[in-house]
Amino acid sequence: MGLDITVMIADWSWLGEVPPRERLSRLRDAWYADESGLRDHDAPAVEGDWEWPRGPGNSSFAVYEFRGTLGSFKAHFWAGERWEAVRDHADPLVRAGLDTLLLGLIRGGLDGEAEHVDQGFLWDDPAVTHGVLLARSPDSVRELAVTWEEVRTWLEGLREAFDEHAAVPEGWVRDFDEFTDLLHDWGRVLSEAARRGWGLVGLSE
């Protein structure tokens, strides 16, 4: 089994009102609750859309189902690898924008030191934050959403360079369309979270 990822946005008035040490357990408890219906593995997930908890008044968070990933982090990892293969051939503006976006979400960078968890969002204790791949405050989300809005208008100009330097015949994120589908899904997540003023969390369970 490989690494998985569940991407959620959360109401900051609900999640941020508790101390950082308690935020992850609050989110997990709500996600795992039977009444949420989100852990019902027999229920079909709609890719490219949101899953909201069931029940009245239960709208403090939502889970996004990425297209073509089966819940695996591998697609996100390989999107970063494809970008590494093509970034030197991209326009400098596109390169700067996509570097900011991907380093802020899923890419480790050349040295593997990119930080995907905002300082102060969660308690700085590996025992508490086990399984956290991503945790962004509303301010960070807004910044990344602005970057996405800039980048998305330039993406099509990458197609030729991607086809030449990054496309592969098999595996994850094989071609430009799969690469941009994943980016557009992240764009939907960022845009919705920014519109609501919510935070963003990615968990591997």
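Axes here are lines fitted to C-alpha atoms, for helices over the stretch in contact, and angles run from 0 to 180 degrees between N-to-C directions; contact means heavy atoms within 4.5 Å. Helices (H or I, at least four residues) and strands (E, at least two) are DSSP runs, numbered from the N terminus. With that in hand, look at α5, which lies across β4 and β5 and runs at about 90 degrees to β4.

A word on the model itself. It is predicted, so local features need pLDDT of at least 70 and side-chain atom pairs count only at pLDDT 80 or more, while totals for chains, interfaces and linings use all residues. Residues are numbered from 1 along each chain as its sequence is written, and side-chain values use heavy atoms, with hydrogens and water left out.

Now for the sheet. Its 5 strands form an open sheet with antiparallel pairing, in the order β2-β3-β1-β5-β4. The edges are β2 (49-51) and β4, each pairing on one side only; strands pair if DSSP finds at least two bridges between them. On average, neighbouring strands are turned by 25 degrees against each other, direction ignored.

Walk in from the β2 edge and you cross 3 bridges to β3 (residues 61-65), where D49 stands opposite E65. From β3, 4 bridges lead to β1, and I9 faces A62 there. Another 5 bridges tie β1 to β5, with T6 opposite L203.

Strand β1 (residues 6-10) is mostly covered, with 5 of its 5 residues buried, meaning under 20% relative accessible area (exposed is over 50%, partly exposed in between; 1.4 Å probe, protein chains only). T6, M8 and A10 are on one side, V7 and I9 on the other.

Next comes α4 (residues 92-105). Its 14 residues should span 20 Å at 1.5 Å a residue, and its end C-alpha atoms are 20 Å apart, so the two agree; the expected span is 1.5 Å times one less than the number of residues. At its N-terminal end, D91 acts as a cap, with a side-chain oxygen 2.8 Å from the backbone nitrogen of L93. Among the buried residues of α4 are V94, G97, L98 and L101. The buried residues of this helix pack against α3 (74-86), β4 (132-136), α5, α7 (176-196) and β5 (199-203).

That brings us back to α5 (residues 138-151), home of T147. Why does T147 count as buried? Because its relative accessibility is 12%. Leaving aside neighbours within four places in sequence, T147 is in contact with G97, T100 and L101.

Terms used: Polar contact = N/O pair within 3.5 Å; in protein donor to acceptor, adjacent residues only side chain to side chain.
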